[in-house]
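Here is a brief report on one protein chain. Please look at the sequence and the structure first, then read on.

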Amino acid sequence: MSLNYTQLQTEIASYLARGNLTTKIPGFITKGENYLNRRLRVLAMEQVETESLAANAQTLAFSTIATKIVKINRIWLVRAEKPTEIVRLDQTQFLEARVDTAKEPAYWCAIGQTVYFDGPADQAYTLYVEVTRGFDIATDSTNWLSENHEEAYTWSALVQAEGYMKND
């Protein structure tokens, strides 16, 4: 069975059987989904997107994938012969590797959903960015999780409702 967002709201309402919680159900679903996004790591969450790094830029602003990014995994420079992976550093290592001269990106560090490169780009680059993207049933109506494991959505939303009703 598969659930879309509207069907999920109806199912949660039937479990709760309380009319005064109807307006709270979208919040229960969102909070439950956020919990699942933090816990789950399934292949359906992995995506590789193409992004552009402008000349002289040191940060990457995501154009299409900014919503529900759980983790930025890998970044490659797109080359005609073969993509080249840019090395990820932790924040301490990254601060030591930063330079002020324009160059081809060799290192990157993610802080939140912003990617920083080790120096300004000497030209415009096309990048492949592999991210773990969380599910967003309110926006997409359905997704891999709601189509294959709809009980996870039901369970997570009901867990959030239970805490709200102070019935632990």
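Val 129 is buried, with a relative accessibility of 0%. This residue lies in strand S7. The model is predicted. The C-alpha atoms of Val 129 and Tyr 35 are separated by 24 Å, and the two residues are 94 residues apart along the chain.

**Helix H2**

Helix H2 runs over residues 25-39 and has 15 residues. From first C-alpha to last, H2 reaches 21 Å, close to the 21 Å expected at 1.5 Å a residue. Which residues of H2 are buried? They are Ile 25, Phe 28, Ile 29, Gly 32, Glu 33, Leu 36 and Asn 37. These residues cover an arc of only 165° around the axis, so they sit on the same side of H2. The general rule is that an α-helix has 3.6 residues a turn, so residues three or four places apart point the same way. On the other side of H2, Lys 31 and Arg 38 are exposed.

What covers the buried residues of H2? The cover includes helix H1 (5-16) and strand S3 (69-77). Helix H4 (137-140), helix H5 (144-148) and helix H6 (150-164) are also included.

**Nonpolar cores**

The largest nonpolar core has 18 residues. Leu 8, Ile 12, Leu 16 and Ile 29 have the most contacts inside this core. The elements that give two or more residues to it are H1, H2 and H6. Ile 29 is also one of the buried residues of H2.

Leu 8 can be followed further. Leaving aside neighbours within four places in sequence, Leu 8 is in contact with Leu 3, Ile 29, Ile 137, Tyr 153 and Thr 154. A second, separate core has 17 residues, and among them are Ala 57, Trp 108, Phe 117 and Ala 121.

**Salt bridges**

The count comes to 4 salt bridges. Three of the pairs are listed here, each with its N to O distance.

| Pair | Distance | Separation in sequence |
|---|---|---|
| Arg 74 and Glu 85 | 3.0 Å | 11 residues |
| Glu 104 and Arg 79 | 2.6 Å | 25 residues |
| Asp 118 and Lys 103 | 2.5 Å | 15 residues |

Take Arg 74 and Glu 85, whose side chains meet in a salt bridge. Arg 74 lies in strand S3 and Glu 85 in strand S4 (residues 84-88), so the pair ties together parts that are 11 residues apart in sequence. Arg 74 is partly exposed, at a relative accessible area of 34%. Glu 85 is partly exposed as well, at 39% relative accessibility.

Next comes the salt bridge between Glu 104 and Arg 79. This pair links distant parts of the chain. Glu 104 is in the loop between helix H3 (91-97) and strand S5 (107-111), and Arg 79 is in the loop between S3 and S4. Glu 104 counts as partly exposed at 33% relative accessibility. Arg 79 counts as partly exposed at 27%.

The pair of Asp 118 and Lys 103 also forms a salt bridge. Asp 118 sits in the loop between strand S6 (114-117) and strand S7 (125-133). Lys 103 sits in the loop between H3 and S5. Is Asp 118 buried or exposed? Asp 118 counts as buried, because its relative accessibility is 1% and the cut-off for buried is under 20%. Its partner Lys 103 is partly exposed, with a relative accessible area of 23%.

Note on methods
Residues numbered from 1 in each chain as written. Predicted model: local features only at pLDDT ≥ 70, side-chain atom pairs only at ≥ 80, totals over all residues. Heavy atoms only, no water. Helix = DSSP H or I, 4+ residues; strand = E, 2+ residues; numbered from the N terminus. Expected span 1.5 Å × (residues − 1). Buried < 20%, exposed > 50% of the residue type's maximum accessible area, 1.4 Å probe, protein only. Arc of directions from axis to C-beta. Contact = heavy atoms within 4.5 Å. Core = buried A, V, L, I, M, F, W, Y, C linked by side-chain atoms within 4.5 Å.
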